[in-house]
Amino acid sequence: MRNVRVVYRKYDEKLHWHQWMQYLGEDQYGVWLGAPPNSVSQRGDEPEVTQEQAHVQLFSRDRGFTAIFNDEPRSTEIYCDVTSPVEFGEDVFTMIDLDLDVIRKRDGTIYVDDEDEFAEHQVKYGYPADVIEQAQATADWLVTAVAAEEPFLTVFKTYLDKVR
């Protein structure tokens, strides 16, 4: 299996979260990568963080978001980042993190996180109007989708089984 480097940047191109993941496949929802328990990720040049749980990540080819699906015992089951369209390279996937996150906890609670950061960065980085509009529309769609649509209901479990 090939490994792919996942690289999130902020709007000013500053390095944000990044990690290596295993290519698992592609379906109608996008490209799936996975990481087994005790894999590491890193924010910028801060110390690495060990992710105790297995997780898989979906990279949409036609919408501005990525989604992480965490195995138990993590209390966050699904963590969606609203992003620029993903740039798919052979061994690196890159995107701009646009701050808004849609989170589904294991108990079913769904909420939007970092709206304050999104508002602050609109001014700080000068987000264009179309970027703001698209990011908000994507977050609004995700709030509904993570509760009622695939791949957020069962499809992700097939991929998660591959890295447990």
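This report walks through the overall build of one protein chain and then through its two largest pockets.

**The chain as a whole**

Please keep in mind that this is a predicted model. The chain holds three helices and eleven strands. Reading from the N terminus, the order of elements is β-β-β-β-β-β-β-β-β-β-β-α-α-α, which puts the eleven strands ahead of the three helices. With a radius of gyration of 15 Å, close to the 15 Å that the globule rule gives for 164 residues, the chain is as compact as a globular protein of that length.

If you turn the model along its principal axes, the C-alpha trace spans about 40 × 35 × 30 Å. Of the 164 residues, 46% count as buried. The accessible surface comes to about 8,300 Å², and carbon and sulfur atoms account for 48% of that surface. Contacts also reach along the sequence: among those between residues at least 6 apart, 50% join residues at least 24 apart.

**Two pockets to look for**

Rolling a probe the size of a water molecule over the atoms shows where empty space is left. Here is how the two pockets are made up.

| Pocket | Volume | Nonpolar lining residues | Polar lining residues | Charged lining residues |
|---|---|---|---|---|
| Largest pocket | about 550 Å³ | eight | ten | nine |
| Second largest pocket | about 210 Å³ | two | three | seven |

**The largest pocket**

A good place to begin is the centre of the largest pocket, where Trp17, Ile68, Arg74, Tyr79 and Asp81 lie nearest among its 27 lining residues. Which elements give two or more residues to this lining? They are strands E1 (3-9), E2 (15-27), E4 (39-43), E5 (49-51), E6 (55-59), E7 (65-70), E8 (76-83) and E10 (92-105).

**The second largest pocket**

To find the second largest pocket, look for the residues that line it: Lys10, Lys14, Leu15, His16, Arg43, Gly44, Asp45, Glu46, Glu117, His121, Lys124 and Tyr125. Seven residues of this lining are charged, including Lys10, Arg43, Asp45 and Glu117.

Here strand E2 and helix H1 (115-124) each supply at least two lining residues. Which element gives the largest share of this lining? Helix H1 does, with three residues. Strand E2 is also one of the elements that give two or more residues to the lining of the largest pocket, and following that strand in the model is a handy way to visit both pockets in turn.

How values were computed: Residues are numbered from 1 along each chain as its sequence is written. This is a predicted model: local features need pLDDT of at least 70, side-chain atom pairs count only at pLDDT 80 or more; totals for chains, interfaces and linings use all residues. Side-chain values use heavy atoms; hydrogens and water are left out. On a 1 Å grid over the protein atoms alone, a cavity is a set of points where a 1.4 Å probe fits but cannot get out, and a pocket is an open set with protein on both sides within 12 Å along at least five of seven lines; lining residues have an atom within 4 Å of a point. Grid points are joined across faces, edges and corners, and a volume is the space filled by probe spheres set on the points. Helices (H or I, at least four residues) and strands (E, at least two) are DSSP runs, numbered from the N terminus. Ala, Val, Leu, Ile, Met, Phe, Trp, Tyr, Cys and Pro count as nonpolar, Asp, Glu, Lys and Arg as charged, and the others, Gly among them, as polar. The radius of gyration is taken over C-alpha atoms; the globule rule is 2.2 Å times the number of residues to the power 0.38. Buried means under 20% relative accessible area, exposed over 50%, partly exposed in between (1.4 Å probe, protein chains only). Contact means heavy atoms within 4.5 Å. Accessible areas come from the Shrake-Rupley method with a 1.4 Å probe; for residues, only the protein chains shown count as cover.
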